[in-house]
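Trainee: I've got the model open and would like to walk through it with you. Can we go element by element?

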Amino acid sequence: MSGKEDRYTRIREFLQDRYPEAVSISTISRSLKMNRGSVAKYLEVLQSHGHVVMKPFGKAKLYASAQNVPFDDLFDYLSDAIVILDADLHILMVNRSFIETFNIRSERNILGSELSRIHLALFDNPTIWDNIDRILNSQTFINEMLLIERGTERIFLTEFISTVIPSISFTGKPGIMITLRDITLWKKTEEALKSSERKIRTLFEEVPSGICLFQEDGTILNANRAALEILGLARFTDLADFKLYDIMCSREIVQGLIKKGKIAELTLSCNFDRLKSEALTATKKSGVAYFQVVFAPVTDTVGTAPREFFILFLDITAKKIAEKRFKERYQGIMSNLPGIIYQFYARDSGEWGVYYVNERSQEIYGVTTEPLETWFARYGECIAPEDRDRWFDSINDVIRRVAPWEFEGRFIKPTGGEMYIRGVSQPVRLKDETVWNGIFLDITDRKKAEEALRVSEERLRGITSNLPGIVYQFYARDSGKWGMYYVDDRSTEVYGLPPRPHGYLDTALRFLHRSGGPGTLVRLDQRRDTKSCAVGV
């Protein structure tokens with residue numbers, strides 16, 4: 001501790017020991033055996049720092065220890081970096097924030113040094129020194145500056161204050177107090193906010209979706225260009241006298257959304273012809289339009305009930321019309337189809353079921369579509385007992401192989417009626433599952449026709465089996481072409497010729513010869529030693 005600091009401490013301790021008594025300068029001087037003039041100067045400094053208070057007593061000055069927080073203690077707790085200079089620009093005081101902000105080593109004593117000699121990058125700027133000179137010369141000067149520190153790019157809001165502190169300078173000449181506040185983060189946040197605002201403003205104006213900001217009572221605060229175009233308007237002023245409920249043709253729905261105050265997605269329709277006649281006469285739109293709408297409240301960080309809301313809406317009229325036409329075509333196709341289409345899935349986890357089944361499931365098969373999650377199981381229970389194992393085996397097989405699926409079998413409706421079905425589908429492999437898109441067809445008529453044909457063939461076979469020859473169907477066309485449509489299976493047994501209609505006559509003619517009575521046919525297996533046969537006439 002230096003001698004001067006020791007004397008300051010001795011005076012403060014002397015006054016604290018006698019508090020609340022106030023004593024004169026002479027008393028302090030005699031008690032501490034110090035020069036009276038020096039004590040007077042030390043007391044002025046202590047008073048300016050808030051360590052002591054002076055109480056006038058006639059012409060005399062009495063001093064007592066101050067019980068408030070001293071100035072230099074407060075000085076160190078200020079967040080702004082502060083440096084106080086005398087008229088010669090020597091450093092009289094700095095606070096703790098100044099030392100920490102500019103990373104000045106604790107062992108380095110800068111008090112008494114010239115500000116220019118401590119080589120701070122922030123002060124390496126002629127504009128600063130010119131401003132300081134103007135202060136010292138009592139000229140007009142700049143109170144605040146934004147300074148950027150070279151190397152670190154830190155931004156400081158710097159304030160210059162002309163001040164006179166005689167107890168510090170001992171000269172009564174003007175000094176300078178410089179305060180520096182690091183606003184780097186604030187400026188970056190401000191720039192980020194401005195950038196964000198620009199982006200939001202650009203998005204608001206350029207996004208193809210309509211955006212309307214409105215109050216709780218429906219008053220429209222703002223609308224972007226796309227919103228005006230969708231509504232067939234030229235200017236925002238065309239909306240000034242209307243509530244949002246009026247232009248969206250859905251007052252009850254919008255009010256319900258405001259009451260709930262939650263984000264929602266929905267589709268709204270608007271009849272522009274009616275809207276034009278009742279309210280929005282400026283619109284150029286006509287007919288019915290459909291909007292895909294996203295509704296959301298404008299919330300704040302406090303958590304208070306929202307007072308403002310916005311909707312984002314897109315005109316999906318063309319899409320709606322296309323969907324309607326597609327649905328009509330789809331229903332037209334499906335209404336004439338003897339079956340239903342479906343979408344079956346098998347997940348890697350082992351689950352399986354259907355994502356979609358045509359609504360004609362009940363009409364054709366007697367199995368209701370809902371609940372969809374149990375449809376496949378309910379449909380499978382209707383497979384006839386003799387075909388059920390084959391049904392499940394075929395399904396497990398294609399799931400394992402990820403292959404196309406085919407199945408035919410007898411189907412017993414829940415009402416007891418019988419029919420035959422055919423199922424076919426093609427697989428599509430996705431990330432965690434395989435999906436089969438397919439169709440179930442009613443093939444009852446085909447099965448009945450096949451059974452009738454089989455019975456008919458059995459009857460024909462029973463009749464022809466006792467004939468002393470074969471039954472055939474010969475044709476001769478106007479074009480001159482001729483041949484066989486049908487040849488009895490007994491052709492091999494009777495004549496040794498395969499019963500293939502195509503080329504049958506050519507084969508037979510090669511093995512006919514003239515022998516015996518007219519029209520006698522010699523069996524091939526009886527003339528294997530000859531190279532040709534002929535028909536005898």
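Trainee: How many bridges join strand 2 (residues 52-57) to strand 3 (residues 60-65)?
Mentor: Strands here are DSSP runs of E with at least two residues, helices are H or I runs of at least four, and both are numbered from the N terminus. Two strands count as paired if DSSP finds at least two bridges between them. Strand 2 and strand 3 run antiparallel, and the number of bridges joining them is 6.

Trainee: Before we go on, what pLDDT do local features need in this predicted model?
Mentor: Residues are numbered from 1 along each chain as its sequence is written, and side-chain values use heavy atoms, with hydrogens and water left out. Since it's a predicted model, totals for chains, interfaces and linings use all residues, side-chain atom pairs count only at pLDDT 80 or more, and local features need pLDDT of at least 70.

Trainee: Back to that hairpin: which residue takes a positive phi?
Mentor: Val53 has Ala64 as its bridge partner in strand 3. The hairpin has 2 residues between the strands, and the one with phi near 70° is Gly58.

Trainee: Which residue that is not a glycine has a positive phi of about 55°?
Mentor: Look in the loop between helix 2 (25-32) and helix 3 (36-48). The residue there with that phi is Lys33.

Trainee: Where are the cis peptide bonds, starting with the one that has omega near 10°?
Mentor: One of them leads into a proline in the loop between helix 1 (3-18) and strand 1 (23-24). Another, with omega near -5°, runs from Glu370 to Pro371, in the loop between helix 14 (361-365) and helix 15 (375-380). The bond with omega near 10° runs from Tyr19 to Pro20.

Trainee: What is the strand order in the open sheet that includes strand 8?
Mentor: Strand 5 (91-94) and strand 6 (144-148) each have a single partner strand, so one side of each is left without a neighbour in the sheet. The twist averages 25° from one strand to the next; such angles run from 0 to 180 degrees between N-to-C directions of axes fitted to C-alpha atoms, for helices over the stretch in contact. The 5 strands pair antiparallel, in the order 5-4-8-7-6.

Trainee: Which residue in strand 8 stands opposite Phe160?
Mentor: Strand 7 (residues 155-163) runs antiparallel to strand 8, with 8 bridges joining them. Helix 6 (residues 126-136) lies across strand 6, strand 7 and strand 8, at about 15° to strand 7, where contact means heavy atoms within 4.5 Å. The residue opposite Phe160 is Ile178.

Trainee: Why does the salt bridge of Asp80 and Arg181 tie together parts far along the sequence, and how many residues apart are they?
Mentor: A salt bridge is a side-chain nitrogen of Lys or Arg within 4 Å of a carboxyl oxygen of Asp or Glu, and the whole structure has 24 of them. Asp80 and Arg181 meet at 3.0 Å, N to O. Asp80 sits in the loop between helix 4 (71-77) and strand 4 (81-85) and Arg181 in strand 8 (residues 175-182), so the parts this pair ties together are apart in sequence by 101 residues.

Trainee: Which residue in strand 13 (residues 308-315) stands opposite Val294?
Mentor: Strand 11 (residues 264-271) and strand 12 (residues 288-297) are antiparallel, joined by 8 bridges, with Glu265 opposite Val294. Strand 12 also pairs with strand 13 in the antiparallel sense, over 7 bridges. There, the residue opposite Val294 is Leu312.

Trainee: What's the strand order in the open sheet that includes strand 17?
Mentor: Its edge strands, each pairing on one side only, are strand 15 (352-357) and strand 16 (405-412). Neighbouring strands are turned by 30° against each other on average, direction ignored. It has 5 strands with antiparallel pairing, and the order is 15-14-18-17-16.

Trainee: At about what angle does helix 17 (residues 444-464) run to strand 17?
Mentor: Strand 17 (residues 418-429) is joined to strand 16 by 8 bridges, among them the pairing of Arg410 with Tyr420. Helix 16 (residues 385-401) lies across strands including strand 16, to which it runs at about 155°. Helix 17 lies across strand 16, strand 17 and strand 18, and its angle to strand 17 is about 120°.
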